[in-house]
Amino acid sequence: MIRTKSFATGFTALVLAFGISGQMSAGHTAVGPAVVQEPTTGVAPKPKAPWKAQEEFHSVLAGTFHPMEDGDFGPVRKRAAEMARKARLWARSRPPKGYDAAALRPLLTKLEREAAEVAQLVARQAGDGEIKQALNKLHDRYHEIAGECR
């Protein structure tokens, strides 16, 4: 009798194991059905055209912001006026087709003003703390605009 019970218990465990395994392979789990993914069209969304003025501004911003993160304020002190000019050019440029110009215009105006503020701080030889705060604000604004450009 003990042998039969042991055989029955083992057999039941085996059936359950295969049953669960079969459900999993059929797209189900022991808890519930698997998530069904929608079929894709196979066509990736078309990326927007590059915006030359944005790329030029970003090049200067990156060349000043990242060294500042490491404590090197030389690049921002050297290139602040150039960065303000690039911000002004970007703010006054025409966005390529596909960009929401109405949404971007007020953000670009703020970016232009904030870049001018960094340049003014550098021109009056403000301390690193003031410049860091203004450059962080400008960097955050850039990423806000870049998010709108996707």
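**Core.** I looked up the largest nonpolar core of this predicted model. It has 34 residues, and I noted Phe 57, Met 83, Trp 90 and Leu 138 as those with the most contacts inside it. I then checked which helices feed this core: H2 (52-69), H3 (74-91), H4 (101-123) and H5 (128-148) each supply at least two residues. The most comes from H4, which gives 9 residues. My background note: in soluble globular proteins, nonpolar side chains tend to be buried together.

**Leu 138.** What does Leu 138 contact, leaving aside neighbours within four places in sequence? I listed Phe 57, Leu 61, Met 83, Leu 111, Glu 114, Ala 115 and Val 118.

**H2 and H5.** I looked up how these two helices sit against each other. Their axes come within 11 Å and cross at roughly 140 degrees. I therefore entered H2 as oblique to H5; only angles over 145 degrees would count as roughly antiparallel. The crossing is left-handed. On the H2 side of the contact I found Gln 54, Phe 57, His 58, Leu 61, Thr 64, Phe 65 and Met 68. They meet Lys 132, Leu 135, Asn 136, Leu 138, His 139, Tyr 142 and Ala 146 of H5. Sorted by class, this contact has 8 nonpolar, 5 polar and 1 charged residues.

**Pro 75.** I found Pro 75 in helix H3. Is Pro 75 buried or exposed? I entered Pro 75 as buried because its relative accessible area is 19%, and the cut-off for buried is under 20%. Not counting residues up to four places away in sequence, Pro 75 touches Gly 63, Thr 64 and Pro 67. I also looked up Leu 61, 14 residues from Pro 75 along the chain: their C-alpha atoms are separated by 9.8 Å.

Technical notes. Residues are numbered from 1 along each chain as its sequence is written. This is a predicted model: local features need pLDDT of at least 70, side-chain atom pairs count only at pLDDT 80 or more; totals for chains, interfaces and linings use all residues. Side-chain values use heavy atoms; hydrogens and water are left out. A nonpolar core is a set of buried Ala, Val, Leu, Ile, Met, Phe, Trp, Tyr and Cys residues joined through side-chain atoms within 4.5 Å. Buried means under 20% relative accessible area, exposed over 50%, partly exposed in between (1.4 Å probe, protein chains only). Helices (H or I, at least four residues) and strands (E, at least two) are DSSP runs, numbered from the N terminus. Contact means heavy atoms within 4.5 Å. Axes are lines fitted to C-alpha atoms, for helices over the stretch in contact, and angles run from 0 to 180 degrees between N-to-C directions. Angles under 35 degrees count as roughly parallel, over 145 as roughly antiparallel, 65 to 115 as roughly perpendicular and the rest as oblique. A crossing is left-handed if the near helix is turned anticlockwise from the far one by less than a right angle, and right-handed if clockwise. Ala, Val, Leu, Ile, Met, Phe, Trp, Tyr, Cys and Pro count as nonpolar, Asp, Glu, Lys and Arg as charged, and the others, Gly among them, as polar.
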